[in-house]
Amino acid sequence: MHRAYLLILLILSQEALATKALSVTYSSSIEPIAINVMHEWVLTIQSIDGNPITHADIVVEGGMPEHNHGLPTVPKVTKNLGNGRYLLQGIRFHMSGFWEMKITVKIEGDEHVVMFPLEL
Ligand SMILES: [Cu+2]
């Protein structure tokens, strides 16, 4: 497993003044990520001061903004691995180019959105 990216924050808070940043990272079960291979990621979610976020609801969407299409699959978090780690299964990219993965993390009424850009 390989830690590929660190992106921080983006706050879309339902309570307008709550601005809590998160650290979201992923590691892919295949590295480098290959086209048309079903694989999985482990997402690690922490507060900005390094405490694991253990009870997040996570929704993942993805697509190619330049082609105006989404993913060919619907990846889902299937397991809470504990310690702020979540298993995301069912990822497959079906063409080369620029992809974005949008990770929406819901915690206690706050919604955080993190984008991972990927050049495949
Ligand atoms: Cu495309």
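Is Asn 68 buried or exposed in this predicted model? Asn 68 is exposed, with a relative accessible area of 73%. The views below start with the whole chain and come back to this residue at the end.

**View 1. An all-strand protein of 120 residues, shown as a predicted model.** The protein has 10 strands and zero helices. Along the sequence the pattern reads β-β-β-β-β-β-β-β-β-β. Of the 120 residues, 38% count as buried. The accessible surface comes to about 6600 Å². Carbon and sulfur atoms account for 53% of that surface. Take the contacts between residues at least 6 apart in sequence: 58% of them join residues at least 24 apart.

**View 2. The copper ion and its protein donors.** Two methionines and two histidines supply the donor atoms: Met 64 (SD), His 67 (ND1), His 69 (NE2) and Met 95 (SD). These atoms lie 2.0 to 2.3 Å from the copper ion. The four donors subtend angles of 99 to 125 degrees, so the arrangement is tetrahedral. The cut-off behind that label requires all angles to lie between 85 and 135 degrees. For reference, the ideal angle for four tetrahedral donors is 109.5 degrees.

**View 3. How the copper site is spread along the chain.** The donor residues follow the spacing M-x2-H-x1-H-x25-M. The two methionines link distant parts of the chain, 31 residues apart. Met 64 sits in strand E5 (residues 57-64). Met 95 sits in the loop between strand E8 (85-91) and strand E9 (98-107). Their exposure can be read separately. Met 64 is buried, at a relative accessible area of 1%. Met 95 is partly exposed, at 28%.

**View 4. The largest nonpolar core, 25 residues.** Trp 41, Ile 45, Phe 93 and Met 101 have the most contacts inside this core. Strand E3 (22-28), strand E4 (39-47), E5, E8, E9 and E10 each supply at least two of its residues. E9 gives the largest share, with five residues.

**View 5. The surroundings of Trp 41 and Phe 116.** Beyond its neighbours within four places in sequence, Trp 41 is in contact with a long list of residues, among them Tyr 26, Ile 33, Leu 88, Phe 93, Met 101 and Phe 116. Tyr 86, Leu 87, Ile 91 and Leu 118 are also included in that list. Phe 116 lies in strand E10 (residues 110-119). Phe 116 is buried, with a relative accessible area of 0%. Trp 99 and Phe 116 are 17 residues apart in sequence; their C-alpha atoms are 8.3 Å apart.

**View 6. Thr 44 and Ser 47 on strand E4.** Both residues count as buried: Thr 44 at 14% relative accessibility, Ser 47 at 16%. Past four places in sequence, Thr 44 touches Ser 23, Val 24, Thr 25, Gly 84 and Arg 85. With the same kind of neighbours set aside, Ser 47 is in contact with Ala 21, Leu 22, Ser 23 and Ile 53. Ser 23 thus appears in both lists. The side chain of Ser 47 makes a polar contact of 2.4 Å with the side chain of Asp 49.

**View 7. Ile 53 in the loop between E4 and E5.** Ile 53 lies in a loop, yet counts as buried, at 15% relative accessibility. Setting aside residues up to four places away in sequence, Ile 53 touches Leu 22, Ile 45, Gln 46, Ser 47, Gly 84, Tyr 86 and Ile 107. Arg 85 is 32 residues from Ile 53 in sequence. In space, the two C-alpha atoms are 8.2 Å apart.

**View 8. Backbone details in three loops.** The peptide bond from Glu 31 to Pro 32 is cis, with omega near 0 degrees. Pro 32 lies in the loop between E3 and E4. Asn 68 has a positive phi of about 60 degrees, although it is not a glycine. Asn 68 lies in the loop between E5 and strand E6 (69-70). Asn 83 also has a positive phi, near 60 degrees. Asn 83 lies in the loop between strand E7 (76-82) and E8. Asn 68 is exposed at 73%, and Asn 83 counts as exposed at 58%.

Technical notes:
Residues numbered from 1 in each chain as written. Predicted model: local features only at pLDDT ≥ 70, side-chain atom pairs only at ≥ 80, totals over all residues. Heavy atoms only, no water. Donors = N, O, S within 2.8 Å, 3.2 Å for Na, K, Ca; no water. Tetrahedral: all angles 85-135°; square planar, octahedral: opposite > 155°, others 65-115°. Helix = DSSP H or I, 4+ residues; strand = E, 2+ residues; numbered from the N terminus. Buried < 20%, exposed > 50% of the residue type's maximum accessible area, 1.4 Å probe, protein only. Core = buried A, V, L, I, M, F, W, Y, C linked by side-chain atoms within 4.5 Å. Contact = heavy atoms within 4.5 Å. Areas by Shrake-Rupley, 256 points an atom, 1.4 Å probe, with all protein chains shown as cover. Polar contact = N/O pair within 3.5 Å; in protein donor to acceptor, adjacent residues only side chain to side chain.
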